[in-house]
Structures are given as structure tokens and as C-alpha cells.
Amino acid sequence: DNIFKGFGQCYLTICKKGAVKGWHSHKEQTDNFICISGKALVVLYDSRKDSPTFGQVLKFILEEPSDSSKSVLLQIPPLIVHGFTAIDCEKVVILNVPDKLYNYKNPDEHRFPWNSEKIPFKWPDSVKMGG
């Protein structure tokens, strides 16, 4: 599909209620999130210093499609710090289709603690730990 910048791999990631997957960003990789089970709060933080939205936080709700709704694809560009947690469910399953293959020798990933003070966002009180 033309929406994808390329194809690197395809994998599922799961986050249980009370945990958060994040924070991390990629220098080159674009992520493509689709929720296939449950409901996720996905939070993005723009760390690109030359961006007009530098320092801003965006929140998205992704949920599994129902009979009356379609899947939503959330594309996350490089240098956007992101994380997600399950909301209103026991676990959420996200399908990620990044445009780059994972490089085990030199991973394109920069991690922050799930409760990092560098990111101006507080996860819901139900979140007690990183995942």
C-alpha cells in the first residue's frame, strides 16, 4: 500500500493492563501501529528540535475493529517518542509494520524510562510499571 514507506518486518506486541510499553524513539525507522485486540492509549511526544510541534504531546485511542468500524493505522515517524498502554481491557495487542528490519548489531532505538520526567505526560493512575 502507498501509505507504507517501505517494509522491514511485521510483529505483534502485547501490553497488559497496569503496564506501559515505552518510551522509545527511532532515528530512522517509521512505525505503523494497528490495534488488533483490546484498546490502547498511544502517546506521542515530538522530540524533533526543528519541528513546529517540538515538545508537544499527542494522544490517540486505537482499538480493535468492530462490525461497524474499520482498523485505524497510526504512522509514527522517526524521532517521535512513543509508548502505549491498555485501557478498558486486560491486554492490548498491537500489530507493528515498521519500514526497517531490526538491526541486532546496531538497534535503531533510543529508550527512556516509562515515567521519564523528560516527557511531559503522566500515564493514567492505573499504570504502575513499564512493560
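**The largest pocket and its surroundings**

In this predicted model, 29 residues line the largest pocket, and those nearest its centre are Tyr11, His24, His26, Glu109 and Arg111. Four elements each give two or more residues to this lining: β1 (11–16), β2 (19–25), β3 (31–37) and β7 (80–86). Of these, β2 supplies the largest share, with four residues. The volume of the largest pocket is about 560 Å³. Sorted by class, its lining holds eleven polar residues, ten nonpolar residues and eight charged ones. As a general point, empty space left between atoms shows up when a probe the size of a water molecule is rolled over them.

It helps to step back to the chain as a whole. The protein chain has ten strands and zero helices, so its radius of gyration is best read next: at 14 Å, it is close to the 14 Å given by the globule rule for 131 residues, so the chain is as compact as a globular protein of that length. Along the principal axes, the C-alpha atoms fill a box of roughly 35 × 35 × 30 Å. Of the 131 residues, 40% count as buried. The accessible surface of the protein chain amounts to about 8100 Å², and carbon and sulfur atoms account for 53% of that surface. Contacts also reach far along the sequence: among those between residues at least 6 apart, 83% join residues at least 24 apart.

Strand β2, which gives four residues to the lining of the largest pocket, also deserves a look for its backbone. A cis peptide bond joins Gly22 and Trp23, with omega at about -5°, and Trp23 has its place in strand β2. For context, most peptide bonds are trans, and most residues other than glycine have a negative phi.

Trp23 has a partner from far along the chain. Trp114 is 91 residues away from Trp23 in sequence, yet their C-alpha atoms are 5.4 Å apart in space. Trp114 belongs to the loop between β9 (110–111) and β10 (129–130). With neighbours within four places in sequence left aside, Trp114 is in contact with both residues of the cis bond, Gly22 and Trp23, and also with Val20. The other contacts of Trp114 on that list are Trp123, Val127, Lys128, Met129 and Gly130. Even with these contacts, Trp114 is partly exposed, because its relative accessible area is 24%, between the 20% limit for buried and the 50% limit for exposed.

Two further residues stand out for their backbone angles. Leu79 is not a glycine, but its phi is positive, at about 70°. Leu79 sits in the loop between β6 (73–76) and β7, and β7 is one of the strands that give two or more residues to the pocket lining. Leu79 counts as partly exposed because its relative accessibility is 38%. Asp88, likewise not a glycine, has a positive phi of about 60°. The loop that holds Asp88 runs between β7 and β8 (91–96). At 69% relative accessibility, Asp88 counts as exposed, since the cut-off for that class is over 50%.

Technical notes: Residues numbered from 1 in each chain as written. Predicted model: local features only at pLDDT ≥ 70, side-chain atom pairs only at ≥ 80, totals over all residues. Heavy atoms only, no water. 1 Å grid on protein atoms, 1.4 Å probe; cavity = no way out; pocket = protein on both sides within 12 Å on 5 of 7 lines; lining within 4 Å. Points joined across faces, edges and corners; volume = space filled by probe spheres on them. Nonpolar A, V, L, I, M, F, W, Y, C, P; charged D, E, K, R; others polar. Rg over C-alpha atoms; globule rule 2.2 N^0.38 Å. Buried < 20%, exposed > 50% of the residue type's maximum accessible area, 1.4 Å probe, protein only. Contact = heavy atoms within 4.5 Å. Areas by Shrake-Rupley, 256 points an atom, 1.4 Å probe, with all protein chains shown as cover.
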